[in-house]
Amino acid sequence: MKNSVFQFDRCLGIGLNSSQSNFDDEFLGVPIMFTANKLLLAIALTSAAGYVQAAPVTLDGASFSVTYDDALVGLFGTPTLSGNTLFFTPTSFKAISTNGAGISLTSQTSNFDFLLKPSANLRLTSVDLNEGGDYLMMGQNSFVNALGQMRVRNNANPSMEIVSSIAPTAPLAFKDGINHNWTASANADLNSAAWNNAGSARVTLENILLAYTQADTGPQLAFTEKKYAGITFNVSPVPEASTWSMMLLGVGLLGYLGLRRRNQQ
């Protein structure tokens, strides 16, 4: 034992001496290999293991692109752009409460930046959100809900924002211990003149799932899960200058003909 302690003291002494940074010895019968460079590398790797670097991801569509931070989508999961719809199919976005556990709340908020391609000659007219999932309740004092907000902000003028509440299309009311589907929606109408020249917008999607059970006689269960969320960007053509000229000319001609007719009468 004295020999082992003596060898351990040697380990400490050599570890503190930079000229003797490598040794192979035994402490209590266990081989010890100490290398200063390896220790520094291990410390660096341990520090990096808990750090996740955010990286912007851009999905290109035919007439626009959508950019998001892949480290911040969280429970939504990785989105897919299909046509004009950015959609998600989450697998772990759920809330559950059992036997009087009270309120269980699960939420996620993420940003998505929409950018029109200059060559598309289009304008953003509205943003629609459609969501869906299922729920299961058992016991009269159980409750579930799916709610949240969708915010659309003009990137060129951040003070311009439209907020739309997410609400189920029908009450989540069945308490028969069987899975039932639910759907929810929201809409942001951008047809006002203030949005005519908006080539980019930020959509902030906040989703909340609630489940609640109250202590009662018999089993209580409240479960809800989100399985789909789709953001649809609706665009329409911007009339070209020649089109506006023809429209103005037509209106002027109609006005002239009407005035001439009145003069003749």
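A residue counts as buried when its relative accessible area is under 20%, and Phe 88, with a relative accessible area of 0%, is therefore buried. That residue belongs to a predicted model of a chain that contains 3 helices and 14 strands. Of the 265 residues in this chain, 33% are buried, and the points below go from the overall picture to the core, the rings, the charged pairs and one backbone feature.

**Overall picture**

- The chain exposes about 15,600 Å², and 58% of that area is supplied by carbon and sulfur atoms.
- Among the contacts in the chain with a separation of 6 or more, 72% are made by residues that stand 24 or more positions apart.

**Nonpolar core**

- In soluble globular proteins, nonpolar side chains tend to be buried together.
- In this model the largest nonpolar core has 42 residues, and the ones with the most contacts inside it are Phe 112, Val 127, Ile 231 and Phe 233.
- The elements that contribute two or more residues to this core are E4, E6, E8, strand E9 (122-138), strand E10 (142-154), strand E12 (180-189), strand E13 (200-213) and strand E14 (221-237).
- When its neighbours within four places in sequence are left aside, Ile 231 is in contact with Asn 84, Thr 85, Leu 86, Phe 88, Phe 112, Val 127, Asp 128, Leu 129, Val 203 and Leu 205. Two of the names in that list, Phe 112 and Val 127, also appear among the residues with the most contacts inside the core.

**Aromatic pairs**

- The structure holds 8 aromatic pairs, one of which is formed by Phe 64 and Phe 114, with 4.8 Å from centre to centre and 45° between the planes, an arrangement that is tilted.
- This pair links distant parts of the chain, since Phe 64 is in strand E4 (residues 64-69) and Phe 114 is in strand E8 (residues 102-116), 50 residues apart. Phe 64 counts as buried at 1% relative accessibility, and Phe 114 is likewise buried, with a relative accessible area of 1%.
- The rings of Phe 76 and Phe 88 have centres 5.4 Å apart and planes at 40°, so this pair is tilted. Because Phe 76 lies in the loop between E4 and strand E5 (80-82) whereas Phe 88 lies in strand E6 (residues 85-88), the pair ties together parts that are 12 residues apart in sequence.
- Phe 76 counts as buried at 0% relative accessibility, and the relative accessible area of Phe 88 is also 0%.
- Ring pairs join Phe 76 and Phe 88 with Tyr 68, Phe 93 and Phe 112 into a cluster, and Phe 112 is also one of the residues with the most contacts inside the largest nonpolar core.
- One member of this ring cluster, Phe 93, has Lys 226 over its face, at 5.6 Å from the ring centre.

**Salt bridges**

- Side chains of opposite charge can pair when their charged atoms come close.
- The structure holds 6 salt bridges, and in one of them Asp 113 is joined to Arg 202, with the closest N and O atoms 2.8 Å apart. Asp 113 lies in strand E8 and Arg 202 in strand E13, so the pair ties together parts that are 89 residues apart in sequence.
- Both partners count as partly exposed, Asp 113 at 21% relative accessibility and Arg 202 at 33%.
- The side chains of Glu 161 and Arg 151 meet in a salt bridge at 3.1 Å, N to O, and this pair links Glu 161 in strand E11 (residues 161-168) with Arg 151 in strand E10, 10 residues apart.
- Glu 161 also forms a salt bridge with Arg 153, where the closest N and O atoms are 2.6 Å apart. Salt bridges that share partners thus join Arg 151, Arg 153 and Glu 161 into one network.
- The members of this network count as partly exposed, with relative accessible areas of 28% for Glu 161, 30% for Arg 151 and 31% for Arg 153.

**Backbone feature**

- Asn 99, a residue other than glycine, has a positive phi value, near 50°.
- Asn 99 is placed in the loop between strand E7 (94-98) and E8, and it is exposed, with a relative accessible area of 55%.

Key
Residues are numbered from 1 along each chain as its sequence is written. This is a predicted model: local features need pLDDT of at least 70, side-chain atom pairs count only at pLDDT 80 or more; totals for chains, interfaces and linings use all residues. Side-chain values use heavy atoms; hydrogens and water are left out. Rings of Phe, Tyr and Trp (its six-membered ring) pair if their centres lie within 6.5 Å; planes under 30 degrees apart count as stacked, over 60 as edge-to-face and the rest as tilted. Helices (H or I, at least four residues) and strands (E, at least two) are DSSP runs, numbered from the N terminus. Buried means under 20% relative accessible area, exposed over 50%, partly exposed in between (1.4 Å probe, protein chains only). A charge sits over a ring if NZ of Lys or CZ of Arg is within 6 Å of the ring centre and within 35 degrees of the ring normal. Contact means heavy atoms within 4.5 Å. Accessible areas come from the Shrake-Rupley method with a 1.4 Å probe; for residues, only the protein chains shown count as cover. A nonpolar core is a set of buried Ala, Val, Leu, Ile, Met, Phe, Trp, Tyr and Cys residues joined through side-chain atoms within 4.5 Å. A salt bridge is a side-chain nitrogen of Lys or Arg within 4 Å of a carboxyl oxygen of Asp or Glu.
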